[in-house]
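Thanks for asking me to look this one over. My notes follow as numbered points, with the cut-offs given as each term comes up.

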Amino acid sequence: MLLSNKTAPQTPTRSAPSKLDRSSFVDTVSHRPGSVILYPGKSDMLYRVSSGLVRIHTMDDDGNGLTLRYVKPGDYFGEEALAGLDRQYFAEAVTDSSVDVMNPALMTAEDNLVVTTHLVRTLERAYESIYRLVGKRLRARIAGELLELKDTALASVQPGGETMIYATHDELAAAVGSVRETVTKVVGELSREGVISAGYGKITLNNEAALSRIAAE
């Protein structure tokens, strides 16, 4: 994309409030890993992850899963309830998670501004994910996904300073739009290069700088 050298005039913007009015919260629910929080269908509530990690995913006609996005603490899902639309996806707890349930009808104008700001950022990340899926090779997609998971509840820092991510090859495949066999092959290549170390259900990031370079290819 070509950018003009001219600087556009800056329009004053109003800062969004950083906190929500708790009066719109109707419940806080804890979920165990693997439990389905939402199914496709009618929507009426908005949800915010308080702790843990939630996966938004869908399935094709053949039953293959595709991860649409991960929802981290402080982020929202179920936004279709704001417009009265039906839900087209599943929401599943990846780790032990605590989720705030919000009633859109009780939200103030300030609440709506907070949520809208978060959803705009979510949309920006979705654009990046779409570009990664359609515009990059599988090797770059896997590297980018590992770096994305680095800052989630699936990751832990090891005594040596490396980050270990608890994810299976099936889960990686669903996130990068591929199949487990192909993902396993690429993970093996990255392991032989020393960029990562792979074990059963876990991947250690040995060289994050190299992963960043691969993700940018």
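1. A word on terms before the sheets: helices (H or I, at least four residues) and strands (E, at least two) are DSSP runs, numbered from the N terminus, and two strands pair if DSSP finds at least two bridges between them. This is a predicted model, in which local features need pLDDT of at least 70 and side-chain atom pairs count only at pLDDT 80 or more, while totals for chains, interfaces and linings use all residues. Residues are numbered from 1 along each chain as its sequence is written, and side-chain values use heavy atoms, with hydrogens and water left out.

2. Let us begin with a hairpin. Strand S4 (residues 54–59) and strand S5 (residues 65–71) run antiparallel and are joined by six bridges. Five residues lie between the two strands of this hairpin, and Gly63 takes a positive phi near 85 degrees there. Across the pairing, His57 stands opposite Thr67 in S5, and Thr58 has Leu66 as its bridge partner.

3. What does S4 pair with besides the hairpin partner? Four bridges join S4 to S7, again in the antiparallel sense. On this side His57 stands opposite Phe90, and Val54 stands opposite Ala93. His57 therefore makes a handy landmark for your eye, with Thr67 in S5 as one opposite residue and Phe90 in S7 as another.4. Putting these strands together gives an open sheet of four strands in the order S2-S7-S4-S5, with antiparallel pairing. S2 and S5 are the edge strands, each pairing on one side only. From one strand to the next, the twist averages 35 degrees; for such angles, axes are lines fitted to C-alpha atoms (for helices over the stretch in contact), and angles run from 0 to 180 degrees between N-to-C directions. At the S2 edge, two bridges join S2 to S7, which run antiparallel, and Leu38 has Ala91 in S7 as its bridge partner.

5. Now the aromatic side chains. How many aromatic pairs does the structure hold? There are two. Rings of Phe, Tyr and Trp (its six-membered ring) pair if their centres lie within 6.5 Å; planes under 30 degrees apart count as stacked, over 60 as edge-to-face and the rest as tilted. Tyr39 and Phe90 make an edge-to-face pair, with 5.8 Å centre to centre and 75 degrees between the planes. Tyr39 lies in the loop between strand S2 (36–38) and strand S3 (46–51), and Phe90 is in strand S7 (residues 90–93), so this pair ties together parts that are 51 residues apart in sequence.

6. The other pair is Tyr47 with Phe77, which is stacked at 5.2 Å centre to centre and 15 degrees between the planes. Because Tyr47 belongs to strand S3 and Phe77 to strand S6 (residues 76–77), the pair ties together parts that are 30 residues apart in sequence.

7. Are these aromatic residues buried or exposed? Here buried means under 20% relative accessible area, exposed over 50%, and partly exposed in between (1.4 Å probe, protein chains only). Tyr39 is exposed at 51%. Tyr47 is buried at 11%, and Phe77 is buried at 0%.

8. Further along the chain, an open sheet of four strands has the order S9-S10-S12-S11, with antiparallel pairing. Strand S9 (155–157) and strand S11 (196–199) stand at its edges with a single partner strand each, so one side of each is left without a neighbour in the sheet. Neighbouring strands here are turned by 20 degrees against each other on average, direction ignored. S11 pairs with strand S12 (residues 202–205) over four bridges in the antiparallel sense, and Ala198 has Ile203 in S12 as its bridge partner.

9. Please also look at Thr152, in the loop between helix H2 (138–149) and S9. Thr152 is buried, with a relative accessible area of 11%. The C-alpha atoms of Thr152 and Tyr70 are separated by 8.8 Å, although the two are 82 residues apart along the chain.

10. Last, the surface. Leu123, Tyr127, Ile130 and Val134 form a nonpolar patch with about 440 Å² of accessible area together. Patches are made of residues with over 30% relative accessible area and no salt bridge, with like charges joined within 9 Å and nonpolar side chains (Val, Leu, Ile, Met, Phe, Trp, Tyr) within 5 Å. A salt bridge is a side-chain nitrogen of Lys or Arg within 4 Å of a carboxyl oxygen of Asp or Glu. Accessible areas come from the Shrake-Rupley method with a 1.4 Å probe, and for residues only the protein chains shown count as cover. Leu123 has its place in helix H1 (residues 109–135) and counts as partly exposed at 43% relative accessibility.
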